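Open the structure in your viewer and keep the selection panel at hand. The stops below go from helix crossings to a pocket.

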Amino acid sequence: MALTLLRGLKTHSFRLYPSLHFTRNHGVLYFSTKSTQGQTATREKQHTRLKVSSKPESVKFDEISKNYEAVIGIETHVQLSTLTKAFCSCPYNYGSQPNTSVCPICMGLPGALPVLNTKVIEYAVKLGLALNCSLSLNSKFDRKQYFYPDLPKGYQISQFDIPIALGGYLDVDLPVEFGGGHRKFGVTRVHMEEDAGKLLHTGNGNYSQENYYFLLIGIVDLNRAGVPLLEIVSEPDMRTGIEAAEYAAELQRLVRYLGVSNGNMQEGSLRCDVNISIRPIGQLEFGTKVEIKNLNSFSSMSRAIDFEISRQALLHSLGQADEIVQETRLWEEGAQKTVTMRKKEGLADYRYFPEPDLPSVNLSEEYVNEIRDSLPELPEMKRRRYENMGLSMQDVLFLTNDVNVAAFFDATIATGADVKLATNWIMGDVAAYLKNEKLSINDIKLTAHELGELIASIKSGTISGKIGKEILFELMAKGGTVEGLIKEKDLVQIVDPTEIEKIVDKVLANNPKQLEQYRGGKTKLQGFFAGQVMKETKGKANPGLLNKILLDRLNSKS
């Protein structure tokens, strides 16, 4: 079976549509069809209905797309952060050497029986509750049959007709730069399943049929086989690439807040498959659905959806809607386009039936309530709380995007720090430092308590804002306390008017030419004098008091 399958993979020819080429002119998006070099005569014959002129015809995207509506749904696989796999005691560590974390169960050897990791159920209930779903107190596992080299059993343990959670929704706040606004996207279901292994594509692929079997052993890594997943299926409620990307980003935030997954797309801990179709405006029936895979970032998701909307809209506009078939397409990041991968399987192809080696999953109301009571404050709840504090939506979205940043902010204002000042420091100097040093907020030496102390010291006039910045960077890099650094470096702000008057008089006496120019009308020289005073005091003069005294002296007739 494996030999036949690999031979089929090697000789399969993908059926590609002509490329869509995008250009921008004065902010308007154009696209055109362009023939692909090297197409076979057969492939050219298959596309005779999609006529391509030697001089590509540009079509305004807006003129075509305004007549159609996109319908988008997302299937998201979340890899759970359990210590062991779903049905065996093997650990999973991303990046470990191939096939170093396997056993007879995850290798699918005959006679090996699965044993359910109960942490998977706990995490599934957590996510189901957080997504406002109705939980199935009695659910079961099923076998999903399909054959692929990285699925050693020939089936996947999943859930079919009775998933653990049904009928929820996810609240999303769109970023201000994309128009803002609140959206609520439906969630069809959440179900538990196991992951497959991974094919390692190495070499140039020029292998004889005789060594296919040995090649299979070498390129299939089963470390990931049996790793627990939660699949979240959305309702087809999204209409744009931005909405879809923000839905997926909110899911990532949610699983991180819950602590059920690290949600890292680059590690495959969060994988999204997008289903997209278009229909004429006003039509209730859905169009033909196309699935897009290989989306490894929210940005690529948005771009892939926009491309696919364009491709399908063009075919509709040319009267060739039947060219849109139910299939799985891959997003090619380099070429910025989708290409055919395989025709999409239907439910009948999977031949689901109940998993005979696992008992049903039975939950009690007490168990569910205990988990509900343990849920942390979720992103949507936190955003509303921050809004009620008077913060702008831009501030709110920044602070809640990272669960650790939100926790740091909450700990800072718990010290009594002014909410807006704490926000400004975290979004400004702290965020800039993290970006420059490529660190997370948990990596720096600064504590929330010391940031609160710093804000209090500035607000009380003990130190100036300029000195506060110097202290902040030292606290982030080396740690320590605000009080200790102020004493060690003698940074206490000068607030005695008499002392500041003496220094101002000294500066004016030392700069008679500039003083004459100021009094002659060059009032911008006030900044020069203020700088000289700050230099004399090593930045410790109270700015407000300094400016008041300086203006009095500069405008004095004596």
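A crossing is left-handed if the near helix is turned anticlockwise from the far one by less than a right angle, and right-handed if clockwise. Helices are DSSP runs (H or I, at least four residues), numbered from the N terminus. This is a predicted model, where local features need pLDDT of at least 70, side-chain atom pairs count only at pLDDT 80 or more, and totals for chains, interfaces and linings use all residues. Residues are numbered from 1 along each chain as its sequence is written, and side-chain values use heavy atoms, with hydrogens and water left out.

Select helix 11 (393–401) and helix 13 (419–437). Helix 11 passes helix 13 in a left-handed crossing.

Now add helix 12 (403–413). Its crossing with helix 13 is right-handed.

Next, show the second largest pocket (a pocket is an open set of points on a 1 Å grid over the protein atoms alone, where a 1.4 Å probe fits, with protein on both sides within 12 Å along at least five of seven lines; lining residues have an atom within 4 Å of a point). Its lining has 28 residues, and Arg253, Leu397, Phe398, Asn401 and Asp402 lie nearest the centre. Which helix gives the most to this lining? Select helix 6, which gives 7 residues.

Finally, colour by domain, with bounds from an automatic or database domain assignment. The second largest pocket lies between domain 1 (77–274 + 348–365) and domain 2 (377–489), because both give residues to its lining.

Methods:
Helices (H or I, at least four residues) and strands (E, at least two) are DSSP runs, numbered from the N terminus.
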